[in-house]
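User: Can you walk me through this model? I'd like to start with the surface and then go to the sheet.
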Amino acid sequence: QADIEPNLRETVELELLGRKWRIDYQGRIDLKETIVGVEPNLIVVVGLIIDAILFLVIFSLAKQRDALTIQSDEFSQLMEQFKDSERRLKLTHAVAKLGSWNRDLQSNTLSWSDQTYRIFGLAPGSPIDNELLTELYYKNDIDKVRSAWKEAITGKPFDIEHRIWSNGVLRWVNQRAEVIYDEMRRPIFAQGSIQDITDRKETELALRLGTRVIQSARESILITDADANLIDVNPMFSELTGYSRDEVVGKNPRFLGSGRHDGSFFEEMWNELGVSGTWQGEIWNKTKNGDVFACRINISTLKDELTGEVLNYVGMFSDITEIRLQQERMEHLAHHDPMTDLPNRLEFMDRLSQEVSRTVRQDRMMAVAYIDLDGFKPVNDDYGHLVGDLALKEVAERLQFAVRKEDVVARLGGDEFGSFFLI
């Protein structure tokens, strides 16, 4: 209208997306002439369009602001997760004794992670250069490392185990690296890792030494799992028993049984193992071809140091058959006449004492005979001691033939014999 107030001022307040907005309308004098002759409805429509545009602009700005706020929050959360992951990674590297390093091949500058410094026994951030590395690397391994690095520059994998000095102590490390090239295939950067593997190398050395000792031992050695099933034997075991390693792995050692020991013998053995963790004694075993042999065996229990759970049983045994047979022969000779193989006077008197006690307990009768050969001395004098010995053997055989198996015939000495039997 031509009479529009030029100083018209209008304020509209809106609440949008949880926020309050205020729009100010300000009349302009220079617009008075412009709107003269314009239809009022057109002015209203234009005003509404302007309101709609403003509303859309404000709404869009509000959404963008909220989106930026959400993105900022998400970014903060991602940064916190990243920092947490970084802390966890550093902890993992420390536990695994794993460090990292980078080398700019154009400037020949080297950078280490804190864990790499610790592996070399240096304070994090200490200056490092090739001269220092030469001092830290074990001199006998330097050429090997340099050769591997030259090959890595040409594209071959860099994966090497070598020794270093760390705080005056020789330690083993494993280094791996990947070389990055530019578009001209020129090496420009290398990224690698280093891990302290001293514990692993010491364990491997101990295992190799242990294996070497077992393989070269002159005693038969067998190792079982917690269920007493064989998991390994040494060559001496195969030599003694006739069974190869492949034939016995996975089996229980009872296949060596000779049948000379009853169930109570092995029950006592396992009880002793359960109480003290060790057992030693003599066992008669059987070889693959059926020969029975005596062995002196020591069995030890290997347990988990933390839980006390049984992990393995280790048995070491040696063939004592000849020793045992010799002992039995000596014991037999101590109680028997070497010429006739009859019980001697000592054995005869011992058995007689036992039988007398038994007859008294059982209220039985027993007969005792003393036999002396008359005229035996002339046989030795006239025909010699060889003929006399043959005569004594013949008498011994005839006396044994004349009595029952449970009766006793003995040579008491010279041409004297004795016998007793239950009636």
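**Surface and sheet**

Analyst: I49, I53, V57 and L61 make a nonpolar surface patch of about 360 Å². Patch members have over 30% relative accessible area and no salt bridge (Lys or Arg side-chain nitrogen within 4 Å of an Asp or Glu carboxyl oxygen), and nonpolar side chains are joined within 5 Å. Areas are Shrake-Rupley with a 1.4 Å probe, counting only the protein chains shown as cover.

User: What kind of model is it?

Analyst: It's a predicted model: local features need pLDDT of at least 70, side-chain atom pairs need 80 or more, and totals for chains, interfaces and linings use all residues. Numbering runs from 1 along each chain as its sequence is written, and side-chain values use heavy atoms, without hydrogens or water.

User: Where's I53, and is it buried or partly exposed?

Analyst: I53 sits in helix α2 (residues 40-96); helices are DSSP H or I runs of at least four residues, strands E runs of at least two, numbered from the N terminus. I53 is partly exposed because its relative accessible area is 47%, between the buried (under 20%) and exposed (over 50%) cut-offs.

User: Switching to the sheet, what's the strand order?

Analyst: β4-β3-β7-β6-β5, an open antiparallel sheet of five strands. Strands pair if DSSP finds at least two bridges between them.

User: Which strands stand at the edges?

Analyst: β4 (109-112) and β5 (158-166); each has a single partner strand, so one side of each lacks a neighbour in the sheet.

User: And how many bridges join β5 to β6?

Analyst: Nine, with β6 covering residues 169-181. E161 stands opposite N174 in β6.

Note on methods: Patch = residues over 30% accessible without salt bridge, like charges linked within 9 Å, V, L, I, M, F, W, Y side chains within 5 Å. Buried < 20%, exposed > 50% of the residue type's maximum accessible area, 1.4 Å probe, protein only.
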